[in-house]
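Work through the three exercises below with the model open. Each solution goes step by step.

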Amino acid sequence: MDTIASLFSFITTPVSWVIVQFHKVYGALFGADTGWAWGLSIVSLVILIRICLIPLFVKQIKATRAMQTLQPEMKKIQERYKNDKQRQSEEMMKLYKETGTNPLSSCLPILAQSPFFFALYHVLNSIANGDTIGVINESLLQSAQKAHIFGAPLAAKFTDSASDVSALDASLSTVRIVTAIMIVMMSASQFFTQRQLMTKNVDTTVKTPFMQQQKMLLYVFPVMFAVFGINFPVGVLVYWLTTNVWTMGQQMYVIRNNPTPGSKAQAAYLDRLYKHVTNHGKIRGRGQKAIVKAIVAKGRDRNDYERKFINGLSKAGLAAQPDGTVAKGEAQTATLTEDGEATAAAARRQQPKRQSKSQRQSGTPKAAGEPTSLTKSDEPQDAKPAGPAKPKTGSGGGRSKAQSGQRKGGPQRPKSPSKK
């Protein structure tokens, strides 16, 4: 570990300088030799580093979203070239190049803060060994060795012997209890962060090997923290626990306000947005407008949650606009915009049905709500001139009688003999 940390020795001086500057501030408040002064200095170092890494975190989110979007295409390539690994790799790289995505972009924040992590480890390890490093001189070294967090020295480890711990003016049981609690909290925060990412902010419609890898990391990372944590000094555990808590809070904010399309988090977000829009009649904030704008631009490619949101606005008499705002409008017009075919079909079904010729001749009543029209068979009988009807001869007359004069199911009158 010392060999790996020594590779980042070029950054130990800046890290030690930042810690010393924060220590001056907190030392004036809590005392120079207290654990609060040195512990809060490490926490402030984490916050400063993570603030500087926010642009990389934004890139990580975009890269993760892009990778999730490419999962169906990647699955097709894997199935198509499952017997040719080389061709499969070539097609994958071609897909990454065409879409401008990079699988390693999702690891940028972790890779970027790794030098700071190893530099801090190297600083604390030097303090434990009684060596000056960076801008930490002899007086600061003695002050840091006296600093205790809940009775455990900053430079103490879970694996230290009783003699090593006693040299730092502490007890072995106290050090192991404090470090064990911090390791459990560190692993639990990592597990919760990964779990909320998998259960809330992942498109559940996509089932690919990438999803299986994410599920594997759900359990691998906490175990790694637990295994390596016993070799970390208390100060490094403070650093790593702080960065895990920061990551968890940062991810919770992103999941709530900018969820992945198709995820459960998006369903909850659109439900909250729908309630707000229907109550206030407008979109607030650039973030909400950007999301609504993206949903409108998708058109027929919207997922179920997005279609439900648009249809809900339509029923409430509102219509989402291309610029991300909403405007009042008729529900019928909004429905036509969302699902033109279904509305047009409904309009056609509302038109009155035309009757067939046999229905008009037999006088069959039309369905309720349909307009009626008078035909020859519908005219009243008293409109015709009174008098005996003259019998018609010929085959044409017989057919006419059979169609209009004879009663169905009753006794039939004998046909008159035809004249030859």
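**Exercise 1: a surface patch**

Met 216 is exposed, with a relative accessible area of 54%; exposed means over 50% and buried under 20%, with partly exposed in between (1.4 Å probe, protein chains only). This is a predicted model: local features need pLDDT of at least 70, side-chain atom pairs count only at pLDDT 80 or more, and totals for chains, interfaces and linings use all residues. Residues are numbered from 1 along each chain as its sequence is written, and side-chain values use heavy atoms, leaving out hydrogens and water.

Task: place Met 216 in its helix and name the nonpolar patch.

Step 1. Met 216 lies in helix α11, residues 209–229.
Step 2. Met 216 joins Val 220, Val 223, Met 224, Val 227 and Phe 228 in a nonpolar surface patch.
Step 3. Together they have about 540 Å² of accessible area.

**Exercise 2: annotated segments**

Task: find how much helix each "transmembrane region" holds.

Step 1. The unreviewed UniProt entry places this feature at residues 36–58 and 217–241.
Step 2. Residues 36–58 are 96% helix and 0% strand, with end C-alpha atoms 32 Å apart.
Step 3. Residues 217–241 are 84% helix and 0% strand, with end C-alpha atoms 18 Å apart.

**Exercise 3: helix α14**

Task: check the span of α14, then sort its faces.

Step 1. At 1.5 Å a residue, the 13 residues of α14 (286–298) should span 18 Å; the end C-alpha atoms are 18 Å apart, which agrees.
Step 2. Buried here are Gln 288, Ile 291, Val 292, Ile 295 and Val 296.
Step 3. Down the axis, the buried residues of α14 fall within an arc of 135 degrees, so they line one face.
Step 4. Arg 286 and Ala 297 are exposed on the face turned away from the buried side.

Note on methods:
UniProt positions are given in the numbering used here, feature names are shortened, and annotations may be inferred rather than shown by experiment. Helices (H or I, at least four residues) and strands (E, at least two) are DSSP runs, numbered from the N terminus. Patches are made of residues with over 30% relative accessible area and no salt bridge: like charges are joined within 9 Å, nonpolar side chains (Val, Leu, Ile, Met, Phe, Trp, Tyr) within 5 Å. Accessible areas come from the Shrake-Rupley method with a 1.4 Å probe; for residues, only the protein chains shown count as cover. A salt bridge is a side-chain nitrogen of Lys or Arg within 4 Å of a carboxyl oxygen of Asp or Glu. The expected span of a helix is 1.5 Å times one less than its number of residues. The arc is that of the directions from the helix axis to the C-beta atoms.
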